[in-house]
Amino acid sequence: MSTTMPPAVPATRPETVSWGADPYADALRSGRGPLFLRRTDGWLLPLEVERWCAGADTADLSALRRCEGTVLDIGCGPGRLVAALAARGRRALGIDVSEAAVSRTAQTGGAALRRSVFESLPDEGSWGTALLLDGNIGIGGDPHALLARSAELVVHGGLLIVETTAADVDERVRVRVDNGYGGHRAQGDLFPWARVGTPALLRYAAPAGWLPVDRWTIAEHAVVEGEFESGEVRCGPGTGAVPEQRPAPGEGRAEPERRAAPERRFVALRRAAPTDRRGAAIPDPTAR
């Protein structure tokens, strides 16, 4: 779920520092945490390493089903999304600055490059969909700059699917990766990060050339048999927020014991085509 920028990148790009630090790489190699983002004031944000290193879950699949064309996963981490798309015959590429993340993606059957989103990338301007899941809208600590860069990567009319925080926040901070154990391998270097809720994302989207086309929430529960159930609430244009219908307790099959998991919220944005002074769409010179 990480990206960075080499020193040669122009100063107009947001400054970031590599996630290649030992705590993050160690967690990806082992497939488990604990792992946190630690703010300078000591506040800790837990990172869901075990979920990232597992297969795509119900919430992930709700986003992958909406993908169009070829898919670029920005900050792919251990590659579960790229692998899930590849298994379905979709052309997908992950990018991440962590060597451990790229290696693990390849092991799961996905394609990945060790590259920053702010570096030159293959097929810029021709991706059908870009993904910013698992909090990756925080990459670089500047959501507007990241959204503007993402608009350079997809075709006119292409999609960007973003996972936002459940809380209504708009926060830019400096953090470090921390495993909570102490010692010389416990923490990485400070780097800028952002946390963005849906209202803040929508404020940043329009100036960067994105139009919202869908919003949905997945409330996921892990059941005792190891299966997953989800209730999806869609809040897109022209739709009411209608949750999936379920049998009432005591009706139909028996209700297994559940352990509630946090809600995950998603927004789909479409890249707006540029227009001339008369409002006519300008053809995309990169279209194939």
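Biologist: Where does Asp134 lie in this model?
Modeller: Asp134 lies in the loop that runs between strand 6 and helix 6. Keep in mind that this is a predicted model.

Biologist: Thanks. Is Asp134 buried or exposed?
Modeller: Asp134 counts as buried, because its relative accessibility is 11%, and the cut-off for buried is under 20%.

Biologist: And what is phi of Asp134 near?
Modeller: Phi of Asp134 is near 60°, which is a positive value in a residue other than glycine. Most residues other than glycine have a negative phi.

Biologist: What about Asp123, what is phi near there?
Modeller: Asp123 also has a positive phi, near 55°. Asp123 sits in the loop between strand 5 (112–114) and strand 6 (127–132). With a relative accessibility of 24%, Asp123 counts as partly exposed.

Biologist: Let's switch to the helices. How do helix 6 and helix 7 cross?
Modeller: Helix 6 covers residues 143–153 and helix 7 covers residues 198–205; their axes come within 9 Å and cross at roughly 55°. That angle makes helix 6 oblique to helix 7. The crossing is right-handed.

Biologist: Which residues make the contact?
Modeller: From helix 6 there are Pro143, His144 and Leu147, and from helix 7 there are Leu201, Tyr204 and Ala205. Sorted by class, that contact has 5 nonpolar residues, 1 polar residue and no charged residues.

Biologist: I've been looking at Ala145. Is Ala145 buried or exposed?
Modeller: Ala145 is buried, with a relative accessible area of 17%. Ala145 lies in helix 6.

Biologist: How many residues apart in sequence are Ala145 and Tyr204?
Modeller: They are 59 residues apart in sequence, and 9.2 Å apart in space from C-alpha to C-alpha.

Biologist: New topic, the sheet. What is the order of the strands in the open sheet?
Modeller: The open sheet has 4 strands in the order 2-1-8-9, with antiparallel pairing. Its edge strands are strand 2 (44–46) and strand 9, and each of these pairs on one side only. Neighbouring strands in this sheet are turned by 45° against each other on average, with direction ignored.

Biologist: How many bridges are there between strand 1 and strand 8?
Modeller: Strand 1 (residues 36–39) pairs with strand 8 (residues 170–178) over 4 bridges, in the antiparallel sense. Within that pairing, Arg38 has Arg176 as its bridge partner in strand 8, and Arg39 stands opposite Val175.

Biologist: And how many bridges join strand 8 to strand 9?
Modeller: There are 6 bridges joining strand 8 to strand 9 (residues 191–196), and the two run antiparallel. Arg172 stands opposite Ala194 of strand 9.

Biologist: Which strands does helix 7 lie across?
Modeller: Helix 7 lies across strand 8 and strand 9, running at about 110° to strand 8.

Biologist: Last stop, helix 1. Which residues of helix 1 are buried?
Modeller: Pro23, Tyr24, Ala25, Ala27 and Leu28 are the buried residues of helix 1. They pack against helix 2 (49–53), strand 4 (92–96), helix 5 (99–107) and strand 8.

Biologist: What follows helix 1?
Modeller: Gly31 follows helix 1, and its phi is positive, near 80°.

Biologist: And which residues does the cis peptide bond join?
Modeller: The cis peptide bond joins Gly33 and Pro34, with omega about 10°. Pro34 lies in the loop between helix 1 (22–30) and strand 1. Most peptide bonds are trans.

Key
Residues are numbered from 1 along each chain as its sequence is written. This is a predicted model: local features need pLDDT of at least 70, side-chain atom pairs count only at pLDDT 80 or more; totals for chains, interfaces and linings use all residues. Side-chain values use heavy atoms; hydrogens and water are left out. Axes are lines fitted to C-alpha atoms, for helices over the stretch in contact, and angles run from 0 to 180 degrees between N-to-C directions. Angles under 35 degrees count as roughly parallel, over 145 as roughly antiparallel, 65 to 115 as roughly perpendicular and the rest as oblique. A crossing is left-handed if the near helix is turned anticlockwise from the far one by less than a right angle, and right-handed if clockwise. Contact means heavy atoms within 4.5 Å. Ala, Val, Leu, Ile, Met, Phe, Trp, Tyr, Cys and Pro count as nonpolar, Asp, Glu, Lys and Arg as charged, and the others, Gly among them, as polar. Two strands pair if DSSP finds at least two bridges between them. Buried means under 20% relative accessible area, exposed over 50%, partly exposed in between (1.4 Å probe, protein chains only).
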